[in-house]
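User: Please take a close look at one salt bridge here, and tell me where its two ends sit. Then work outwards from that spot to the rest of the model.

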Amino acid sequence: MADRDFYQVLGVPRTATREEIQRAYRRLARENHPDVNKDPGAEDRFKDVSEAYDVLSDPDLRKRYDVFGADFRRVPDDVDPDTWMQAQAQAQARARAGGRARAGAGARGAGGFGGFEGFEGFEGFGGVEGEEVDLEDLLSGMFGGRAGRAGRGRAGRGGRGFGPIPGADQEAELPLTVEEAYRGGPRSVTLSGPGGTRRYDVNVPPGVTDGQRIRLAGQGGQGSDGAPPGDLHLVVRLLPHPRYRVRGRDIHLDLPLAAWEAALGATVAVDTPGGEAKVKVPPGTSSGRSLRLRGRGMPNPNGNPGDLYAQVRIMVPPHPSEEERRLWSELAQASGFDPRADSGTGAPGTSSQSSGSGAGRR
C-alpha cells in the first residue's frame, strides 16, 4: 500500500488524535473483516486498514511517516527525522549555491521518491542536471551507507493477517432528572444485552446537558481472540420537569406574581436546582418579561455556568371576595391605564369593566 495515504485509508485528518484513529480502525476492521464481509475486495481493504493502523497508532512510526512519507521504512531506524530535515535543507542550499538546482520534478522518478510529498526540492540533492537520484545512494552518502538496512525490522507490520476483531463501541441512554444532572455524582446504571443484564458505576459530572456523552472506557462490546473491548458511551437524556425547562446550560421557569407585586415591585423567592434564590422584580413589570439570575443555571466544570431566567406570569384571584372586588373596582375607576392602548385593540379613552361599573376614567 505504498502508494496510498494511511490517513486516507482510515478516513481521518492528519491532525487526528490517537482516540480518533482507534475508533476509525475499529469501525473499518469490523466492516471489512473477511469473516464478516464476504465482498471479494474486503480482504485487501482489511489488510490496508490494519497496516495503516499499525503505523498511525505507534507515535514513533507515525512521526517518521509524517516526515518521510510512504518511503519511511527505507530510511534507517537511527536517522532522526529532525536531522533528516536539516540535512535536506543543507543539501538544497549547496545545490542552489552550485547552480545545480533543477526546476520540475524529474529527480523523483527513481528509488521510490514519490513518498516524500511536502519536501519540495529533493531534486536539489542530485548531481549535474539531468542525473537521476536514487534514494539508497542518497542515504548512503548522507548517513554512512546504512540505507540498505532501513526498515527491515518493521517490514512485516502491515501484513499481520486477519487477526482478532476489536470490540465495538456501544451506546445507551442515561435518563436524569434536572436535579440529578445539576448535582452530578456517582450513579449505578443497569443495562440489558444479549448476555443478560450488567450493572455499571458511572460518575456523572455536575451540570451535564441533554445529549452529552459520558465515556466508559473498555465497557463496550467484547473483542475476539484477546482483542481489546470497545467503549460504552452513555448519552444523557434530561427527563421532562414540571417546573424547569433546560436549554443548553440555561434554566427557564415561570414566576407567578400578584398584580400588586408586578405593579409596585417586590423581591420574590424562587426554588432552583441549586437551592433558593431571590429575584428582584422591578416596578411596572408585565407578564412575559424574563428576569435573569446570572450564573444560577446549570454548572459548567470547564467554564462559566448557565443563567436562570424567570418568566413573569401575573396572576389574579380566581374567586375574589366582596372586599377585593370593591377595591379592584375603585382601582379601575381611579386608574387611567389602558393595557390595549399600544396594541390598537381598544377604543381611545375607554376601557371595559368586568364589574359593569361603566367607563373607566382617563
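Analyst: Let's start with R292 and D307, whose side chains meet in a salt bridge at 3.5 Å, N to O (a salt bridge being a side-chain nitrogen of Lys or Arg within 4 Å of a carboxyl oxygen of Asp or Glu). This pair links distant parts of the chain: R292 belongs to strand β10 (residues 290-293), while D307 is in the loop between β10 and β11 (308-315), 15 residues apart. Helices and strands here are DSSP runs, numbered from the N terminus, with helices being H or I of at least four residues and strands E of at least two. The two ends aren't equally covered: R292 is partly exposed at 40% relative accessibility, whereas D307 counts as buried at 11%. For those words, buried means under 20% relative accessible area, exposed means over 50%, and partly exposed is in between, using a 1.4 Å probe and protein chains only.

A quick word on the ground rules. This is a predicted model, and local features need pLDDT of at least 70, side-chain atom pairs count only at pLDDT 80 or more, and totals for chains, interfaces and linings use all residues. Residues are numbered from 1 along each chain as its sequence is written, and side-chain values use heavy atoms, with hydrogens and water left out.

Back to the charges. Side chains of opposite charge can pair when their charged atoms come close. The structure holds 18 salt bridges, and two others make good company for the one above. R187 pairs with E180, with the closest N and O atoms 3.2 Å apart; here R187 is partly exposed at 27% relative accessible area, and E180 is partly exposed too, at 26%. D39 and R45 also form a salt bridge, their closest N and O atoms being 4.0 Å apart. D39 has a relative accessible area of 38%, which makes it partly exposed, and R45 lands in that class with 35%. Salt bridges also join up into a network that links R26, D169, R215 and D231.

Now for the rings. There are three aromatic pairs in the structure; rings of Phe, Tyr and Trp (its six-membered ring) pair if their centres lie within 6.5 Å, and planes under 30 degrees apart count as stacked, over 60 as edge-to-face and the rest as tilted. One of the pairs is F6 with Y65: the centres are 4.6 Å apart and the planes are at 25 degrees, so the pair is stacked. F6 is in helix α1 (residues 6-10) and Y65 in helix α4 (residues 59-68), which puts the two partners 59 residues apart. F6 and Y65 are both buried. Another stacked pair is Y25 with Y53, at 4.0 Å centre to centre and 10 degrees between the planes. Y25 lies in helix α2 (residues 18-32) and Y53 in helix α3 (residues 42-56), so this pair ties together parts that are 28 residues apart in sequence. Y25 is buried at 5% relative accessibility, and Y53 is buried at 17%. Ring pairs also bring F6, Y7 and Y65 into a cluster.

Next, a spot in strand β9 (residues 275-281), where V281 sits. V281 is buried, with just 3% relative accessible area. Setting aside neighbours within four places in sequence, V281 is in contact (heavy atoms within 4.5 Å) with L255, L257, E261, G265, A266, V268 and L291. Take G265: it is 16 residues from V281 in sequence, yet the C-alpha atoms are 5.1 Å apart.

On the outside, W260, L264, V316, W328 and L331 make a nonpolar surface patch of about 560 Å². Helices α8 (259-264) and α9 (322-334) are the elements giving two or more residues to that patch. V316 comes from the loop between β11 and α9, and counts as exposed at 54% relative accessibility. Patches are made of residues with over 30% relative accessible area and no salt bridge, with like charges joined within 9 Å and nonpolar side chains (Val, Leu, Ile, Met, Phe, Trp, Tyr) within 5 Å.

Finally, the whole protein. Its secondary structure comes to nine helices and 11 strands, and buried residues make up 37% of the 362 residues. Among contacts between residues at least 6 apart in sequence, 55% join residues at least 24 apart. The accessible surface is about 20700 Å², with 48% of it belonging to carbon and sulfur atoms; areas come from the Shrake-Rupley method with a 1.4 Å probe, and for residues only the protein chains shown count as cover.
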